[in-house]
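Thanks for coming. I will go through one structure this morning, one part at a time. Please have the sequence and the 3D view open.

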Amino acid sequence: MLKKTLFYQHFPIFLNVCRQGRHVGCNFSSKISGDGESNDIENESEVSKLLNDAATFDAGIQDWSTLPYPKHASKQLQGSHAVRVGKNPAETSLVLFPGQGTLLVGMVKEYLRFPGAKDLFQVVNESLGYDLLKLCLLGPQEKLNRTEYNQPATVAVSLAAMEKIREERPQVLETCVGVAGYSVGELTALIFAGAMSLEQGIRLAGIRGTAMQNAAARIPQGMMSVICSSNANISDICKKAQSWALDSGANNPLCRIAIYLYPQGKILAGNKEALDFIKLNGRHLGLRNLKNLSVSGAFHTSLMEPAVKPFIKALHNVPLQTPAVPVYSNVTGKCYGNAQHISKMLPKQIVSPVKWEQIMHILYERPPGTPFPRTFDVGSGGTMKTILKLVNAKAWDNCYIV
């Protein structure tokens, strides 16, 4: 078994600077309460409103492609929830990690030319007890797509991609002021930020994936991406879908927004019967580009509740630390505080909507004329960059695919 310290050697510049307290993001704890909890709870109703209202902009406005926000859109001032440092934003960097569904067989091959990536997969394989690298390289894709394999694989490949950054652009690690991970990518972000070890984090990803796969097997369920027109009432559509599913024989049917992607783009999740209703009637209700996702479950809804208990049990065995760089939570959109805060919020993420669009607003909202940080889309093959463009085209101009 390789020593635990091996992973930290993968990022010597980043972690050494952080440990000495000189990292530009290391003072972010001053903005977070000591217990890490009141930051998300003390004004919960106000924060909830900010987050829920964030997805109201009309992307059809012509000047969307040139301004951070449409000219007549009301600012939600969510940028106040971001950790800002006293440094020119153009000299800083942000890192985005993907979630399940972006990984293809063979994608990892380009990162294996970096020695650190090979060492990383040795730790990953030993931690999981099977050869995940072989599956990533050779497939089959159908097996790699299964949630119990895809989630740890997504984390591992993203971290392997960071080896390319470490070798070719080490200044990204030196200037990183924030990191966000989409769904299971949040575990990637926490590993990268030093909140948990690689061994513990990859095991947690494996347990999370298996638990969510098992939860999904209980009843037919799924997810569907949609684009909402201006007359679409998502809340009303979901209620109609649930009612139709109940009449079709489903017990306690569910349909709701599981992921906020960009202003008009949402991912709905729920019982198969409810999604069937939307597929049949969505266009008449103001939805377009309806597409069933190739995932087994209604992730980030209460249908994943059976996965929470085994995840919490595993999480209790993971030593957690305060992240060395701000990591933004899918549940609240705001950055984590201390280890206790992480322990509380990570289980909620399994059954709560992913506030990805809101995180993008928080990270990139800024006064006119203020530069944007360099953003690095790590391990998604460009998916995270594409979503960013649909939220903030100016930030997209400074985004690079790794």
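I start with two helices, helix 16, residues 356–364, and helix 17, residues 383–391, whose axes come within 10 Å and cross at roughly 70°. With that angle, helix 16 is roughly perpendicular to helix 17. Before going on, please note that this is a predicted model.

Which residues meet where helix 16 touches helix 17? From helix 16 they are Trp356, Glu357, Met360, His361 and Tyr364. Helix 17 brings Met384, Ile387, Leu388 and Val391 to the contact. Sorted by type, the residues of this contact are seven nonpolar, one polar and one charged.

Helix 16 also has a place against a sheet. It lies across strand 1, strand 2, strand 7 and strand 8, the last of these being residues 374–377. Relative to strand 1, helix 16 runs at about 175°.

That brings me to the sheet itself. Five strands form an open sheet, in the order 7-2-1-8-9, and the pairing is parallel. At the edges are strand 7, residues 327–328, and strand 9, residues 399–401, each of which pairs on one side only. Further in, strand 1, residues 93–97, and strand 2, residues 176–181, run parallel and are joined by five bridges. To find this pair on the screen, look for Val95, which stands opposite Val179 in strand 2.

There is also an open sheet of four strands. Its order is 4-5-3-6, and here the pairing is antiparallel. Strand 4 and strand 6 are the edge strands, with pairing on one side only for each. On average, neighbouring strands of this sheet are turned by 25° against each other, direction ignored. Strand 3 and strand 5 run antiparallel, and seven bridges join them. One position to look at is Gly222, whose bridge partner in strand 5 is Gly270.

Now the largest pocket. Its volume is about 900 Å³. The lining has 37 residues, and those nearest the centre of the pocket are Gln100, Gly101, Ile267, Leu293 and Thr383. Several elements give two or more residues to this lining: helix 8 (147–168), strand 3 (221–228), strand 4 (255–262), strand 5 (265–271), strand 6 (287–292) and helix 17. Which of the elements gives the most to the lining? That is helix 17, with five residues. So helix 17, which we met in the contact with helix 16, comes up again here as part of the lining. By type, the lining residues divide into 17 nonpolar, 18 polar and two charged.

Last, two details of the backbone. The peptide bond from Gly139 to Pro140 is cis, and its omega is near 10°. Pro140 sits in the loop between helix 6, residues 132–138, and helix 7, residues 141–144. The other detail concerns Ser183, which is not a glycine and yet has a positive phi of about 55°. Where is Ser183 found? Ser183 is in the loop between strand 2 and helix 10, residues 185–192.

That is what I had to show. I can go back to any of these parts on the screen.

How values were computed. Residues are numbered from 1 along each chain as its sequence is written. This is a predicted model: local features need pLDDT of at least 70, side-chain atom pairs count only at pLDDT 80 or more; totals for chains, interfaces and linings use all residues. Side-chain values use heavy atoms; hydrogens and water are left out. Axes are lines fitted to C-alpha atoms, for helices over the stretch in contact, and angles run from 0 to 180 degrees between N-to-C directions. Angles under 35 degrees count as roughly parallel, over 145 as roughly antiparallel, 65 to 115 as roughly perpendicular and the rest as oblique. Contact means heavy atoms within 4.5 Å. Ala, Val, Leu, Ile, Met, Phe, Trp, Tyr, Cys and Pro count as nonpolar, Asp, Glu, Lys and Arg as charged, and the others, Gly among them, as polar. On a 1 Å grid over the protein atoms alone, a cavity is a set of points where a 1.4 Å probe fits but cannot get out, and a pocket is an open set with protein on both sides within 12 Å along at least five of seven lines; lining residues have an atom within 4 Å of a point. Grid points are joined across faces, edges and corners, and a volume is the space filled by probe spheres set on the points. Two strands pair if DSSP finds at least two bridges between them.
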